[in-house]
Structures are given as C-alpha cells and as structure tokens.
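Subject: Structure to look through

Hi,

Here is the structure I promised to send over. Have it open while you read, and I'll walk you through what turned up.

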Amino acid sequence: MSRRHTLRRVGLVLFVGNLALVVAKGAVALQTGSLAVESEAINSLADTVYSMVILAGLYLTTRPPDFEHPHGHERIEPFVSLFVAVGIFIAAAVVIYQSGTALLGGPIEPVQSPLAIAVLLVSVLVKLGLYRYCLAVGREWQSPALVATALDNRNDVWTAGAALAGVVGAGLGAPILDPLAAMIVAIGIVHTGVEVVRDNVNYLVGAAPPEELRAEIVQRALEHPDVEGAHDVIAHYVGPEIDVSLHIEVEGDRTLREAHDIETAVVETVEALDQVDEAFVHVDPRQLGEWKADQEVDRLASDDETA
C-alpha cells in the first residue's frame, strides 16, 4: 500500500476511535459527575477535533507532486502537527480550570461507579493500541504528524490510568482523588503539547538530523573506493525530510565520465537512506587544491569504527 493510502487510513482510524471514546466518556461523565472522567472526555474531544485536522492535513500532504510543488506536499505536515499542539493546550487549560475550581470550591461529592472504571479501562487499552499503531506507521513512512499523534496517545494512556486511579480512590472513600486525578491528566496533556511543539519546530527551522543519521551519511559517502575524503557535509530538515549537500575528494586524473559515475554512486547510496529526500554532491579533484581537513567529518566517520 502506498504512503498516501496508508496515512489516510490511519487518519480515519484515529478519528473514528477518538469519536467513539468521547461519546462513551461524555455519557459516563454526565451520569456519574466524575471530574476525572469528564476531563478524559474533554481530552478525547480535543483528540477528535485534531484528528479531523490530521485527516485533512494528511490528505493535503499525500497529494502527488505538481508544477507548483515539485517536491510534493509533505512539508505541510509540521504545520499539521502544530495544530495538534494547539488543540492539546486548549484541552489542558479547560481541564486545569475545572479541576482547580473543584479543589477550591469546598466539599467534593464522592463518585462510586463501576461504569466509570470500565470506560477508563477501555480508554487505556484503546489508546495503547493507537499509540503503537501510529508510532509504527509514522516511523515507517517518516510522518511527523503521526509520530506527534502517537506521542499524544502514549500520554493519553498515562492520563487515563491516572483518571482510573482517581475514580477508584474516590470510590474507596477519598473523593478528593477525583479532581486531583483530573489535574494529573492536565499535566500529562501539557507535556504532550510541549513534545509535539519541540519536535516539529525542528522540522520548520531546518535543524540538523540526529547524529547517528549524519554519521551514516558520511560513512556511506566514504565507503566508495574512489572517494578519498569528504568535507562541508550539511544535512538539514526540509519539512519532515532531509536534504544533504557534501563535497567528496577524488584524484584529479579521473575522466569526466569517471567523476560523474563516482558522484552518481555517492548520491544514490546517500539517497537510499529512508529519511533522505535529496543529496547534492560536489566533486573536488586533488590537483585543484580544494581538499581540506574537516574535523566534524572525521569524528562522524570514526563513529562507525568505535561502535
């Protein structure tokens, strides 16, 4: 199945799963009055709203290249992820307000409901499944929007677990645990939002990829038998993908055809990395005096030897 169909399918699964959870939690919250369950319902409502944004965003990002966007539309994805973060922060603010009001507002009515326990337990299991599913697909297809969503679902597992503990504790005679659990849910929501923003700002500002990937790029360039060295290696994010430029050092007695073949081989081996979109290689012959020491390249190349 293509990247386009896979990501769109995941977006639809997310929307349907979150919508089902918000309906179930909302109904239980209205019946029981549990703040912990209500906070989880609000969290799921935010998840449902941004699932719609993700579904629309993934539809845009998976369109094929066109004249105005020759590299495709994948670079929209970090913006989709930031919309996810906005929804996460709004949900956290609502939950903090409600739980804080309850804690400061006087006596708290105890909540005793097997139904509340059941819906939160189901939420834990559903969110765990969505986390693993989104993370696997997001990593396989290099989709920052899905990885961001996976992180949110991972934290939803913990927040639903905290809400579950609060409801159980309230039923055992400590009603204050219900709004306290809601507050823990809010903290988890905020943490998720921070993670999403941090990761996707890197995509938007063209940050360097992880060092392991940069080392792999250098090592692949140097493994060609006719490449004597490399320098000025630059790898950076362009949206969720990586562009690479580097200079390779070869002997100056190569014919034009041989130099072209060396360049092509290095480009192909670097672009074979799943995360790399395009590689730009410049050939520097020894006799032109363009070879130069590059400590960063030496360090990254040595990572393979010391591993």
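Before anything else, one cut-off: a residue counts as buried when its relative accessible area is under 20%, as exposed when that value is over 50%, and as partly exposed in between. Keep in mind too that this is a predicted model.

Try the cut-off on Ser 113. Is Ser 113 buried or exposed? Its relative accessibility is 12%, so Ser 113 counts as buried. You'll find Ser 113 in the loop between helix 3 and helix 4 (114-140). Now look for Val 167: Ser 113 and Val 167 are 54 residues apart along the chain, yet 8.0 Å separates their C-alpha atoms.

That pair brings us to the chain as a whole. Of the contacts with a separation of 6 or more, 76% link residues 24 or more positions apart. The protein chain has 307 residues, and 46% of them are buried. What remains accessible comes to about 15,100 Å², with carbon and sulfur atoms supplying 63% of that area.

Next, the layout. There are 9 helices and 3 strands in the protein chain. Going from the N terminus, the order is α-α-α-α-α-α-α-β-β-α-β-α, so you can scroll past a run of helices before you meet a strand.

The sheet is worth some time. Its 3 strands are arranged in the order 1-2-3, forming an open sheet with mixed pairing. Which strands stand at the edges? Strand 1 (229-238) and strand 3 (276-285) do, and each has a single partner strand, so one side of each has no neighbour in the sheet. From one strand to the next, the twist averages 10°.

Helix 8 (residues 256-271) packs on this sheet, where it touches strand 2 and strand 3. The direction of helix 8 makes about 150° with that of strand 3.

Here is how the pairing works out:

- Strand 1 and strand 2 (residues 241-250) run antiparallel and are joined by 8 bridges. Among the residues involved, Ile 234 stands opposite Ser 245, and Tyr 237 has Ile 242 as its bridge partner.
- Strand 2 and strand 3 run parallel, with 9 bridges between them. One example is Leu 246, whose bridge partner in strand 3 is Val 281.

Why is strand 2 described as largely enclosed by the rest of the structure? Because 7 of its 10 residues are buried.

As you step along a strand, remember that in a regular strand the side chains alternate between the two faces of the sheet.

Strand 1 also holds an oddity, Asp 232. This residue has a positive phi of about 50° although it is not a glycine. With a relative accessibility of 30%, Asp 232 counts as partly exposed.

Last stop, the surface. Phe 79, Val 201, Leu 204 and Val 205 make a nonpolar patch of about 350 Å² there. Phe 79 belongs to helix 3 (residues 77-104). Its relative accessibility is 48%, so by the cut-off above Phe 79 counts as partly exposed.

If you want a place to begin, go to Ser 113 and find its loop between helix 3 and helix 4, then move on to the sheet with its order 1-2-3.

Cheers

Notes. Residues numbered from 1 in each chain as written. Predicted model: local features only at pLDDT ≥ 70, side-chain atom pairs only at ≥ 80, totals over all residues. Heavy atoms only, no water. Helix = DSSP H or I, 4+ residues; strand = E, 2+ residues; numbered from the N terminus. Buried < 20%, exposed > 50% of the residue type's maximum accessible area, 1.4 Å probe, protein only. Contact = heavy atoms within 4.5 Å. Areas by Shrake-Rupley, 256 points an atom, 1.4 Å probe, with all protein chains shown as cover. Patch = residues over 30% accessible without salt bridge, like charges linked within 9 Å, V, L, I, M, F, W, Y side chains within 5 Å. Salt bridge = Lys/Arg side-chain N within 4 Å of Asp/Glu carboxyl O. Pairing = 2+ DSSP bridges. Axes fitted to C-alpha atoms, helices over the stretch in contact; angles between N-to-C directions.
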